[in-house]
Each structure stands twice: as structure tokens, then as C-alpha cells.
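Trainee: I have a structure open and would like to go through it with you. Could we take it one topic at a time?
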There are 2 protein chains.
Amino acid sequence: MTTASKDRLRLWLRLLGLTRHVDGHLRDKLRVEFKTTLPRFDVMAALSRHPEGLKMSQLSGVLRVSNGNVTGIADRLAEEGLVERVPVPGDRRAMILRLTAAGNAEFAEQASAHEGWINDMLHGISAADARQMAAQLIAVAQAAENKEKIDDPSHA
Amino acid sequence: MTTASKDRLRLWLRLLGLTRHVDGHLRDKLRVEFKTTLPRFDVMAALSRHPEGLKMSQLSGVLRVSNGNVTGIADRLAEEGLVERVPVPGDRRAMILRLTAAGNAEFAEQASAHEGWINDMLHGISAADARQMAAQLIAVAQAAENKEKIDDPSHA
DNA sequence: CTTAATTGCTTTAGGATTAAAATATCTATA
DNA sequence: TATAGATATTTTAATCCTAAAGCAATTAAG
């Protein structure tokens with residue numbers, strides 16, 4: 001392999017290392033301080049951005065996870081009264097999932113703590129550097145996605 | 001929250017997005033092309049770097065996953081003859097896990113393909129940019145780890 | 001030497017994840 | 001209006017993952 005390839009591999013390993021580290025820390029915090037998990041947080045975050053709720057399929061779409069996955073997480077959140085399933089008028093197959101009042105209140109606390117944890121962990125980065133790196137990562141992600149479309153045009 | 005905090009949050013979301021995207025792609029490729037998984041690949045990669053093998057506890061240490069996790073993955077790899085458990089002379093509690101000849105051959109193919117997939121996905125980044133970003137990420141990770149030691153000195 | 005603490009690994013219980021199969025419903029077409 | 005195909009969700013089977021408990025063996029303290 002080329003040296004450029006090795007450089008990219010090393011970049012990937014760094015990216016993965018940092019992400020896993022931060023990710024693991026967030027999971028620990030959510031577990032210890034809120035007795036919840038990152039997937040549950042992700043579901044509630046998505047619903048929070050859509051106060052009217054989301055169909056199960058829309059939810060798995062925005063989270064980019066499988067349908068069955070969301071079913072299980074929604075089941076557990078519903079048991080605790082944090083989300084509720086609402087039938088969709090005119091389509092008896094579909095269900096809208098949305099936060100309950102309790103879910104909204106709970107998520108507001110979690111989201112605030114979440115932002116604080118990340119701010120703490122990434123405190124070594126200035127706001128300007130953070131913006132610059134974020135922009136660079138967007139470019140990388142776009143390049144990767146374009147590459148995929150060229151290799152496999154079926155994804156539209 | 002401050003705007004700096006929002007900038008760091010956005011950086012984290014970008015980092016997470018890109019990492020999940022690449023990670024998911026790698027898992028797909030490993031499944032389709034090698035009928036294996038990323039955790040199995042990670043275990044074999046660690047063993048490949050230590051031809052003499054690693055004790056189960058060392059392995060879970062370098063991979064930063066739980067002991068029980070490695071037990072299950074090692075079981076399945078051993079069933080397929082890719083790794084083997086060797087007793088440690090002088091300590092009947094411990095076991096060394098190491099790649100078999102078949103495991104070594106299989107991993108060599110996987111590792112080469114793996115580097116190629118990453119090179120393809122990150123092809124939008126020049127070698128120089130990759131090195132620069134990797135260096136930046138190292139600095140971020142170090143800042144995060146120092147922060148943790150200050151907050152919780154128990155980790156030494 | 002005996003016992004207490006530690007160490008190394010596996011097991012267990014529960015949640016997360018996927019692909020694929022199963023169900024139920026809807027829609028378009030003949 | 002049948003019915004064939006598409007769509008929305010759930011279920012199933014397998015792996016992954018963790019924390020905590022359990023077991024066996026080693027080490028340290030007295």
C-alpha cells in the first residue's frame with residue numbers, strides 16, 4: 001500500500017480512538033447520572049427535534065438504524081412513560097412515536113448535561129479550532145459520500 | 001450554555017457522524033466480503049501485533065472492552081480454528097490467546113482489504129491533510145485525558 | 001501453614017444491533 | 001372487487017457489549 005494510504009489509515013485510527021473514548025464516557029455518564037443509555041438518548045433527541053412525533057420508520061431513518069432496533073428502544077421508553085405511540089389516522093399500519101410531557105422534561109435535563117460533558121471533554125479545543133475542524137470533517141464526509149455514489153449509483 | 005460549548009457540541013456531532021458512517025461501511029464490508037465482524041477483526045488485529053499471543057486480560061485491556069466480551073468473541077473464533085487458547089505455564093488461571101496459522105493467513109487478507117476500504121473512503125483527504133488532522137486529534141485526545149485525570153485523579 | 005485478599009477468566013442478565021422473516025394494512029390494477 | 005405488490009411495523013435469531021457475580025488459582029500476611 002502507498003504511504004498516503006497509511007496516513008489515511010492512521011487518521012482513521014485516531015478518529016476512531018477519540019470517538020470511542022468520548023462515546024464511552026458519555027455512555028458512562030448517562031448510565032450513572034440518568035440511568036439511561038446513549039441509544040435511548042438518541043431516540044429522545046430525535047423526538048425532541050420533532051415535537052409532533054415521528055413515525056417509527058422515519059425515526060429509524062433519521063437515526064440510521066434498523067426498524068427492529070427502534071421497536072425495542074421505543075418499547076422500553078414507553079414502559080417508563082417517556083414516549084407514547086399514537087395511531088396515525090388513515091393508516092392503521094403506522095404509529096407515531098412522540099415524547100410525553102415527562103419525556104420532554106427528562107430529556108431537557110439530559111440534553112443540558114450532555115452538552116456540558118462534551119464541553120468539558122473537548123475543553124482543550126478553542127471555539128475557533130472546533131469550528132475549523134468541524135468544517136474539515138464536513139468536507140471529508142462529503143468526499144466519502146460522493147465516492148460511494150460513484151462506486152454504487154443505486155443509492156441515488 | 002456558551003457559544004463555545006455549542007461549537008464543541010457541533011464538532012462532536014460531526015466527529016460522531018463521520019465515524020459512524022465509516023464504521024458502518026467497514027462492518028458491512030467485513031460481513032459481506034469476509035463473513036466476519038468488526039469486533040472479531042479487532043481481536044485478530046490485536047493478536048496479529050503480538051505473534052506470541054496475549055492473555056485474555058491483556059487483550060481486553062488493549063481493546064478497552066470488558067473481559068466477558070473477549071471470552072465470547074474468542075470462543076467463536078476458536079470454534080472456527082482462527083485462534084487457539086494456550087495454557088500459561090505456572091499460572092493455571094490464565095490462558096494465552098493467539099492466532100493459528102489459518103488465523104494469520106485469514107487476517108492478512110482482511111487487513112489488506114481493510115486498509116484499502118479506508119483509503120477509498122478517505123480519498124478526498126490528501127496525505128498531508130490526513131497527517132495534520134491526525135496530529136490535531138492526538139492533541140484533542142490528550143487534552144481530554146488530562147482533563148479526566150484532573151477531575152478524577154484515581155485513574156493515575 | 002492458614003487465611004484473606006487479589007487476580008484471571010467465565011457466566012449471567014439485560015440492552016443494543018442487524019438481517020431476514022412474519023404480520024397487517026394499504027394501494028393500484030385488472 | 002379481487003388480488004398482487006408495496007409499505008409499516010414487529011418478531012426472531014445471532015452477535016456484541018457491559019456490569020456484576022461466580023469460580024478457581026495465586027499471593028500476601030500473620
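Trainee: By class, how many nonpolar, polar and charged residues does the surface near DNA strand D have?

Mentor: Please keep in mind that this is a predicted model. By class, the surface near DNA strand D has 10 polar residues, 7 charged residues and 6 nonpolar residues.

Trainee: And which residues are the closest to DNA strand D?

Mentor: There are 23 residues surrounding DNA strand D, and the closest are Ser57(A), Asn67(A) and Gly68(A) from one chain, with Pro39(B) and Gly68(B) from the other.

Trainee: Which elements supply at least two residues each there?

Mentor: From chain A they are α3 (56-63), α4 (67-79) and β3 (91-99), while from chain B they are α2 (38-48), α4 (67-79) and β3 (91-99). The element that gives the most to the surface near DNA strand D is α4(B), with 6 residues.

Trainee: OK, now the other strand: which residues come nearest to DNA strand C?

Mentor: Around DNA strand C there are 23 residues, of which Pro39(A), Gly68(A), Ser57(B), Asn67(B) and Gly68(B) come nearest. The elements that give two or more residues to this surface are α2 (38-48), α4 and β3 of chain A, together with α3 (56-63), α4 and β3 of chain B. The largest share, 6 residues, comes from α4(A), and by class the surface near DNA strand C has 6 nonpolar, 10 polar and 7 charged residues.

Trainee: What turn lays chain B on chain A?

Mentor: A turn of 180°, with a shift of 0.0 Å along the axis, lays chain B on chain A with an RMSD of 0.1 Å. That is the relation of a two-fold axis.

Trainee: Then how many residues does each chain put into the contact?

Mentor: The contact takes 41 residues from chain A and 41 residues from chain B. On the side of chain B that touches chain A, the elements giving two or more residues are α1, α5 and α6 of chain B, and α1(B) gives the most, with 17 residues. The residues on that side of chain B divide into 24 nonpolar, 9 polar and 8 charged.

Trainee: Why would you say the copies meet through the same surface?

Mentor: The reason is that 100% of the interface residues of chain B are also interface residues in chain A, so the copies meet through the same surface.

Trainee: Switching to the inside, which residues of the largest nonpolar core touch the most other members?

Mentor: That core has 28 residues, and the ones that touch the most other members are Leu11(A), Trp12(A), Leu122(A), Trp12(B) and Leu122(B). Each of α1 (3-34), α5 (101-121) and α6 (127-151) of chain A, and likewise α1 (3-34), α5 (101-121) and α6 (127-151) of chain B, supplies at least two residues of this core.

Trainee: What does Leu11(A) touch, leaving out residues up to four places away in sequence?

Mentor: With those left out, Leu11(A) touches Leu122(B), Ile125(B), Ala130(B), Met133(B) and Ala134(B).

Trainee: I also clicked on Leu9(B); is that residue buried or exposed?

Mentor: Leu9(B) counts as buried, because it has 21 C-beta neighbours inside 10 Å, and the cut-off for buried is 20 or more. Leu9(B) is found in helix α1 of chain B, and it touches Glu115(A) and Ile118(A), again not counting residues up to four places away in sequence.

Trainee: Which residue in the loop between α1 and α2 of chain B should I look at?

Mentor: Have a look at Lys35(B), which lies in that loop and has a positive phi of about 50° although it is not a glycine. Lys35(B) is exposed, with 9 other C-beta atoms within 10 Å. You could then look at Arg64(B), whose place is in the loop between α3 and α4 of chain B, and which has a positive phi of about 55° although it is not a glycine. Arg64(B) is exposed, with 10 other C-beta atoms within 10 Å.

Trainee: Last topic, the overall build: how many helices and strands does chain A have?

Mentor: Chain A has 6 helices and 3 strands, and from the N terminus on its elements run α-α-β-α-α-β-β-α-α. The radius of gyration of chain A is 19 Å, well over the 15 Å that the globule rule gives for 156 residues, so chain A is more spread out than a compact globule. Its C-alpha atoms fill a box of roughly 55 × 40 × 25 Å, taken along the principal axes.

Trainee: And what percentage of chain A counts as buried?

Mentor: Of the 156 residues of chain A, 24% count as buried.

Terms used. Residues are numbered from 1 along each chain as its sequence is written. Chains are lettered from A and ligands numbered from 1 in the order in which they are written. This is a predicted model: local features need pLDDT of at least 70, side-chain atom pairs count only at pLDDT 80 or more; totals for chains, interfaces and linings use all residues. A residue is near a molecule or strand if its C-beta atom, placed from the backbone, lies within 6 Å of it. Helices (H or I, at least four residues) and strands (E, at least two) are DSSP runs, numbered from the N terminus. Ala, Val, Leu, Ile, Met, Phe, Trp, Tyr, Cys and Pro count as nonpolar, Asp, Glu, Lys and Arg as charged, and the others, Gly among them, as polar. A nonpolar core is a set of buried Ala, Val, Leu, Ile, Met, Phe, Trp, Tyr and Cys residues joined through C-beta atoms within 7 Å. A residue is buried if 20 or more other C-beta atoms lie within 10 Å of its own, exposed if 12 or fewer, and partly exposed in between; C-beta atoms are placed from the backbone. Two residues are in contact if their C-beta atoms, placed from the backbone, lie within 7 Å. Copies are superposed by least squares on the C-alpha atoms of residues with pLDDT of at least 70 in both. The radius of gyration is taken over C-alpha atoms; the globule rule is 2.2 Å times the number of residues to the power 0.38.
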